[in-house]
Amino acid sequence: MIETLFLPGATGDAGFWKPVAARAAWDGMFFSWPGLGSQPASADVNSIDDLVGQVADRMRQPVAIVAQSMGGYIALRLALAFPHLVRTLVLCVTSGGVPVADLGGEDWRPDYFGAFPHAARWIADPVADLSDRLPSVRAPTLLLWGDADPISPVAVGERLARLLPNSRLCILPGAGHDLAQTHAAAVADEIRRHLIATS
């Protein structure tokens with residue numbers, strides 16, 4: 001069985017995916033993001049690129065990546081850079097490197113910095129649009145979305161489903177951006193099925 005990497009969103013909390021992983025009976029490596037959310041900062045981490053590098057440094061063998069929100073952008077950067085190592089993906093309500101605002105997504109930054117006033121400001125910097133590169137991602141990809149998410153609406157998941165050639169979009173009714181907490185059982189079931197089928 002290949003190793004599974006669990007990437008949180010901008011809260012940076014390594015514990016984010018642990019309840020879902022426990023429900024799915026799936027172990028792995030749980031990442032935190034220094035300087036984001038309430039996580040202590042690190043002098044070595046000052047950008048998204050540094051977070052991509054942090055994960056890449058731990059990829060010694062083929063992996064599955066399960067990622068939330070901003071973590072999904074990191075996961076796709078890794079899939080593009082290391083196609084021989086990223087075997088399968090689960091992307092949950094992510095921007096995925098497509099223009100979320102153009103697809104109706106609300107600006108998450110005011111609420112985020114209200115909740116985490118000491119978080120690193122670089123997290124709000126614009127990220128590169130990956131749209132033109134995503135069709136080259138061959139890893140089987142499960143896209144998990146909620147139909148009540150104002151930050152990454154279903155239109156974003158639909159765009160990613162069109163761009164990623166080996167993807168499946170699963171929409172959970174009534175779920176928002178925190179669906180891994182509010183719909184943990186359904187999310188765990190979907191992830192477990194996907195990883196068993198593709199790992």
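**View 1. Ile74 and its contacts in the predicted model.** Leaving aside neighbours within four places in sequence, Ile74 is in contact with Leu7, Trp33, Ile48, Leu51, Val52 and Val55. This is a predicted model. Ile74 belongs to the largest nonpolar core, which holds 73 residues. Ile74 is also among the five members named as touching the most others. Leu7, Trp17, Ile65 and Leu89 complete that group. Helix H3 supplies the largest share of this core, with eight residues.

**View 2. Helix H2 against helix H3.** H2 covers residues 48-56, and H3 covers residues 70-81. The two helices pack at an angle of about 60 degrees. Their axes are 10 Å apart. The crossing of H2 and H3 is right-handed. On the H2 side, the contact is made by Ile48, Asp49, Leu51, Val52, Val55 and Ala56. H3 contributes Met70, Tyr73, Ile74, Arg77 and Leu78. Nine of the residues in this contact are nonpolar, two are charged and none is polar. Four of the H2 residues, Ile48, Leu51, Val52 and Val55, are also listed as contacts of Ile74.

**View 3. The buried residues of helix H5.** H5 runs over residues 154-163. Which of its residues are buried? They are Val154, Val156, Gly157, Leu160 and Leu163. Two strands are included in what covers them. One is S5, at 141-146. The other is S6, at 167-172.

**View 4. Ala25, a non-glycine residue with positive phi.** Ala25 sits in the loop between helix H1 (18-24) and strand S2 (29-30). Its phi is about 55 degrees, although Ala25 is not a glycine. Is Ala25 buried or exposed? Ala25 is exposed, with a relative accessible area of 61%.

**View 5. Val93, a non-glycine residue with positive phi.** Val93 has a positive phi of about 40 degrees and is not a glycine. Its loop lies between strand S4 (86-92) and helix H4 (109-115). Val93 counts as buried because its relative accessibility is 0%, whereas Ala25 is exposed.

**View 6. The span annotated in UniProt.** An unreviewed UniProt entry lists residues 5-189 as "domain: AB hydrolase-1". In the model, this span is 30% helix and 16% strand. The C-alpha atoms at its ends lie 17 Å apart.

Methods
Residues numbered from 1 in each chain as written. Predicted model: local features only at pLDDT ≥ 70, side-chain atom pairs only at ≥ 80, totals over all residues. Heavy atoms only, no water. Axes fitted to C-alpha atoms, helices over the stretch in contact; angles between N-to-C directions. Helix = DSSP H or I, 4+ residues; strand = E, 2+ residues; numbered from the N terminus. Left-handed = near helix turned anticlockwise from the far one by under 90°. Contact = heavy atoms within 4.5 Å. Nonpolar A, V, L, I, M, F, W, Y, C, P; charged D, E, K, R; others polar. UniProt positions renumbered as here; feature names shortened; annotations may be inferred. Buried < 20%, exposed > 50% of the residue type's maximum accessible area, 1.4 Å probe, protein only. Core = buried A, V, L, I, M, F, W, Y, C linked by side-chain atoms within 4.5 Å.
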